[in-house]
Amino acid sequence: MSRARFDVKSYPGFVQLTVLCLLILYLPLMVVAVYSFNASASIVNWEGFSLRWYADVFTGPESAKFKLAARNSFIIAITAATVATAIATLAATAMIRGGRFRLRVLSLGLISLPLMVPEIVTAVATLIFFNTIGFERGTLTILLAHIAFCIPFAYLPISARMQGIEDTYEQAALDLYATKRQAFTRVLLPLMMPGIVSGYLLAFIISLDDFIITNFVKGAGVETLPTAIFGAVKQGLKPNIMAISTMLVGFSIIMVTVSYFVGKKDN
Amino acid sequence: MQVSDGTDHAIDVRKAVKRYGDFTALKSITLSIRDNEFFTLLGPSGCGKTTLLRMIAGFEDVTEGEIFLFGDEIENLPPNKRPVNTVFQNYALFPHMNVLENVCFGLEMLGRGKAEARRRAGEILEMVQLSQFSERKPSQLSGGQQQRVALARALAPQPKVLLLDEPLSALDLKLRKAMQLELKHLQRETGITFIFVTHDQEEALTMSDRIAVMSAGEVQQLGEARDIYERPENRFVADFIGETNLIDVTVKAKDGSRVLCAFDNGLTLTCDAVPGIGVGQSGHMSIRPERMKLHQEMIEAENFRARVIENVYVGTDVQSILGLDGGMRLTVRTQNSDRGKARIFEPGSDVFVDVEFGSARLLAH
Ligand SMILES: Nc1ncnc2c1ncn2[C@@H]1O[C@H](COP(=O)(O)OP(=O)(O)O)[C@@H](O)[C@H]1O
Ligand SMILES: [Mg+2]
């Protein structure tokens with residue numbers, strides 16, 4: 001039986017093009033990952049497998065700098081993700097359960113606009129903002145900036161989840177004598193939870209990986225992992241940078257994967 | 001103090017109006033539902049049944065009018081302050097809670113202790129034969145079982161009135177029939193007033209103590225099943241409930257409580273007079289197909305002469321389509337088990353139609 005079905009694979013060159021795109025996307029990462037296991041200090045010549053650069057990250061001369069930066073990164077990412085997720089959850093509840101209110105479309109646009117604005121613009125704007133109000137740059141400025149740009153990332157999976165929850169569940173809760181608050185905490189919140197976890201992980205990873213905005217708003221002497229790596233690279237590219245980068249990529253992949261599966265989880 | 005009218009009505013709806021913008025979904029509904037009654041709101045889709053039910057539950061504002069629950073005015077109370085529970089059309093069971101937790105929810109929200117809530121939930125689950133499923137999540141149950149959980153959850157807090165919005169519409173025919181009996185049984189056992197919404201007239205007739213037939217945001221007729229079926233008050237009710245022959249008639253003469261009606265083709269039939277239609281006025285006549293018998297010879301002066309056009313076998317009955325003078329058509333049903341007594345005539349046969357005394361119903365509008 002031959003069915004005349006449209007199949008994109010039948011386009012000439014489709015497979016080749018796909019492979020090319022994937023190569024362009026992933027080849028640099030592959031090179032970094034492979035050379036992080038290089039036994040020599042060279043970043044171009046392969047001289048056998050070794051974990052020495054991973055050991056160097058934790059015990060080498062630059063280890064103290066990296067450990068401090070990593071600590072900062074995690075503290076900022078956890079705090080920013082937590083605050084951003086809480087705000088995004090409330091925003092999603094208001095947007096989806098608030099009925100039709102004036103400026104609803106505008107609010108929706110405002111929440112997701114930062115995703116489309118070039119990050120460098122946001123970075124400069126944030127810097128100007130902090131300067132204007134006379135806020136001294138440091139860990140707090142990084143944290144505030146991260147909370148702000150994490151909100152849309154946390155918002156998307158949460159609102160997607162919530163859109164699929166019919167309001168009859170809350171009506172049923174009210175009908176069964178729950179107060180509005182109880183209907184929210186006992187029924188709506190648990191149903192939203194997969195979206196919230198997914199949004200949290202996404203916000204966390206976005207904060208952890210951010211470089212541009214952080215670089216602008218950080219004070220002197222405060223480093224996060226991405227800015228520390230950038231600083232180290234300026235001194236010269238060593239394989240220990242590749243080891244850190246590989247670990248960061250691995251961590252990100254795990255988080256995004258978990259986020260994806262939690263978000264998809266059906267109740 | 002609450003206004004109490006001293007009646008034993010579970011629900012009194014007084015001149016309730018519901019508007020959505022320019023659209024009037026309910027036009028001044030007034031009805032009383034008695035304590036401990038199985039009351040049905042029946043009507044075609046879009047007539048406002050759900051809207052009325054949701055106003056009683058507290059999910060819709062009442063644009064105008066009042067609603068009383070056992071004499072207490074409730075239309076301004078939020079849903080969680082009304083001792084009324086709902087079985088939702090799609091059940092709305094909490095998917096993250098198991099069956100027992102679902103059934104306990106209302107009791108816990110009312111502040112009953114966990115132990116007491118569990119005991120009561122256990123009882124009610126027993127009543128709906130779901131005890132062995134109490135640890136399951138709703139998604140692990142069949143449609144019929146979910147339906148019973150929804151019932152148990154709504155009955156557990158012992159509401160004064162239970163509202164059911166087309167609860168059986170998602171079930172297949174056999175299960176639906178079984179649930180109809182079970183619901184009726186539960187209503188008797190618990191003594192709770194049920195307000196049941198359906199668009200299925202057969203379901204309404206089998207289950208209800210009383211029925212309010214609705215159309216286009218108005219109550220067309222309110223009464224017991226038998227009243228509604230045998231004494232419809234208007235064309236809509238006669239047509240919506242069961243099958244009927246609707247014939248345009250003109251009233252020719254009146255004799256006490258009886259009137260003589262003429263069809264367009266000149267045939268005449270006497271029936272009970274009804275208010276709102278006098279001599280010389282036209283209206284409709286409703287004759288149920290099963291209330292007519294076919295004979296070879298004329299046995300009454302008012303029998304119509306007709307010819308069998310077609311017979312349709314419908315299991316319990318044979319439905320005969322008859323042609324009368326002037327192109328008029330009538331449908332007559334003859335029970336299959338009656339075969340010995342009431343004959344089925346072959347298509348093409350000439351017959352006489354005998355309308356059972358008292359079963360022709362004159363309708364003013
Ligand atoms: N929120 C609403 N906004 C506008 N119109 C509505 C709304 N809810 C219901 N209606 C309208 O009110 C009428 C009655 O609806 P409903 O009570 O759901 O009917 P039923 O339950 O009898 O099928 C319908 O015409 C419906 O379109
Ligand atoms: Mg409805």
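In this predicted model, the contact between the two chains takes 26 residues from chain B and 18 residues from chain A. The size of an interface is often given as the accessible area lost when the parts come together. For chain B and chain A, the area buried between them is about 2000 Å². Carbon and sulfur atoms give 62% of that area. On the chain B side, three residues stand out: B:Asn80, B:His96 and B:Met109 supply 29% of the area that chain B buries against chain A, more than any other three residues.

A second interface lies within chain B itself. This chain is divided into domain 1, residues 9-236, and domain 2, residues 243-363. Taken over C-alpha atoms, the centres of domain 1 and domain 2 of chain B are separated by 39 Å. Where the two domains of chain B meet, 8 residues of domain 1 are in contact with 8 residues of domain 2. Together these domains bury about 760 Å² between them, and 48% of it is on carbon and sulfur atoms. Which residues of domain 1 of chain B lose the most area to domain 2? They are B:Tyr229, B:Pro232 and B:Arg235, which together account for 73% of what the domain 1 side buries.

The report now turns to ligand 1 and its surroundings in chain B. The residues around ligand 1 include B:Tyr20, B:Phe23, B:Ala25 and B:Pro44, as well as the run B:Ser45, B:Gly46, B:Cys47, B:Gly48, B:Lys49, B:Thr50 and B:Thr51. By class, this shell has 5 nonpolar, 5 polar and 1 charged residues. Several of the residues place an N or O atom at a short listed distance from an oxygen atom of ligand 1, as the table shows.

| Residue | Part of the residue | Distance to an oxygen atom of ligand 1 |
|---|---|---|
| B:Gly46 | backbone N or O atom | 2.6 Å |
| B:Cys47 | backbone N or O atom | 3.2 Å |
| B:Thr51 | side-chain N or O atom | 2.5 Å |

Taken alone, ligand 1 exposes 560 Å², and the protein buries 60% of that area. Two elements of chain B give two or more residues to the shell around ligand 1: strand E2, residues 23-34, and helix H1, residues 49-57. Which element gives the largest share of this shell? Helix H1 of chain B does, with 3 residues.

Terms used: Residues are numbered from 1 along each chain as its sequence is written. Chains are lettered from A and ligands numbered from 1 in the order in which they are written. This is a predicted model: local features need pLDDT of at least 70, side-chain atom pairs count only at pLDDT 80 or more; totals for chains, interfaces and linings use all residues. Side-chain values use heavy atoms; hydrogens and water are left out. A residue is near a molecule or strand if one of its heavy atoms lies within 4 Å of it. A polar contact is a pair of N or O atoms within 3.5 Å; within protein, one must be able to donate a hydrogen and the other to accept it, and residues adjacent in sequence count only if both atoms are side-chain atoms. Accessible areas come from the Shrake-Rupley method with a 1.4 Å probe; for residues, only the protein chains shown count as cover. Helices (H or I, at least four residues) and strands (E, at least two) are DSSP runs, numbered from the N terminus. Ala, Val, Leu, Ile, Met, Phe, Trp, Tyr, Cys and Pro count as nonpolar, Asp, Glu, Lys and Arg as charged, and the others, Gly among them, as polar. Domain bounds come from an automatic or database domain assignment. Contact means heavy atoms within 4.5 Å. Buried area is the accessible area (1.4 Å probe) that two parts lose on being put together, summed over both.
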